[in-house]
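The following note addresses the packing of the interior and one of the pockets. It is arranged as numbered points for ease of reference.

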Amino acid sequence: LVGRLAMRYMSPVFKICFGIAAGLEFIFVPWFLKASRNGRCTKSQILKTICATLFVAAGVLASVIAQNRSDYAHYILIGLLLGWCGDFLLHLPPKLPFTLSGGLAFLAGHVFYIYAYCLAMKRYFPDAPFWDKRELIACAIIIVIGVAAIRLLGVKFSPLYIIGVPYVAMLAFMLVKAGSLGIKAVNVGLDNAVIMCILLVGGAFLFALSDMMLAVNSLRKPRPSYGYKITCIVTYFTAQFLLASTIFVISA
């Protein structure tokens, strides 16, 4: 009883904190972009870590506000924490151990996001198969479109294409699973289905777009305009906030 009363009176405070976390991203993301324009430095490392901490805080606050302690919420929070680790590691000096561990952190984060979507799919649609033929076809199409888009944006073929295939496949699978869950929810008229679909598809799509911009910015020679990095960073942090916000409307 005491716990329920505390939550009742503290809920507005937590909602305000969530709004503050979202608002602070509008301050710290541009600040980070400005600080990192000429390369990595201690200041940009601190600012990027703050930006990442804000989307993790958003996920925790969403869980508390919605009183969502489901496995779905837990796995999304793990994905957010792994994103935090990836952000921190990949902004350290460009040495192989940092780069490899940062990339693996992001890859693991995608696995946890996908598993969360699958849990929600099983909860809301028990008869839905894990390996859906249409989803696999959609994954293949997305991979082909993504590779073609990167090539059209001026990235020449290199061995990194082969190394990046598992990561690209994971991104495509994440986008398809998010889209499948959101569309099914809308089709059957689940509560908050439209919001659920927007958050799921928007978050996964912006994540994929961010990584495509990252690939272009990192691999294209000569390096493209700074606008690519701006797009990459803005879409990335927006994506993480959207995925954190799914905890408000999905419990599985």
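1. In this note, a helix is a DSSP run of H or I covering at least four residues, and helices are numbered from the N terminus. The model under discussion is a predicted one.

2. Helix 1 and helix 9 each contribute at least two residues to the lining of the second largest pocket. Helix 1 provides the largest share of that lining, namely seven residues. The volume of this pocket is about 240 Å³.

3. The lining of the second largest pocket consists of Phe18, Ala22, Glu25, Phe26, Val29, Pro30, Leu33, Val234, Phe237, Thr238, Phe241 and Ser245. By character, nine of the lining residues are nonpolar, two are polar and one is charged.

4. Turning to the interior, the largest nonpolar core comprises 59 residues, and Tyr117 and Phe207 have the most contacts inside it. Two or more residues of this core come from each of helix 1 (2-35), helix 2 (42-65), helix 3 (71-90), helix 4 (96-124), helix 7 (165-188), helix 8 (193-219) and helix 9 (226-245). Helix 2 gives the most, with 10 residues.

5. Which residues does Phe207 contact, leaving aside its neighbours within four places in sequence? The partners are Phe106, His110, Tyr113, Leu171, Met174, Tyr236, Ala239, Gln240 and Leu243.

6. There is also a second, separate core of eight residues. Among its members are Ile150, Met212, Met213 and Ala215.

Conventions
Residues are numbered from 1 along each chain as its sequence is written. This is a predicted model: local features need pLDDT of at least 70, side-chain atom pairs count only at pLDDT 80 or more; totals for chains, interfaces and linings use all residues. Side-chain values use heavy atoms; hydrogens and water are left out. A nonpolar core is a set of buried Ala, Val, Leu, Ile, Met, Phe, Trp, Tyr and Cys residues joined through side-chain atoms within 4.5 Å. Buried means under 20% relative accessible area, exposed over 50%, partly exposed in between (1.4 Å probe, protein chains only). Contact means heavy atoms within 4.5 Å. On a 1 Å grid over the protein atoms alone, a cavity is a set of points where a 1.4 Å probe fits but cannot get out, and a pocket is an open set with protein on both sides within 12 Å along at least five of seven lines; lining residues have an atom within 4 Å of a point. Grid points are joined across faces, edges and corners, and a volume is the space filled by probe spheres set on the points. Ala, Val, Leu, Ile, Met, Phe, Trp, Tyr, Cys and Pro count as nonpolar, Asp, Glu, Lys and Arg as charged, and the others, Gly among them, as polar.
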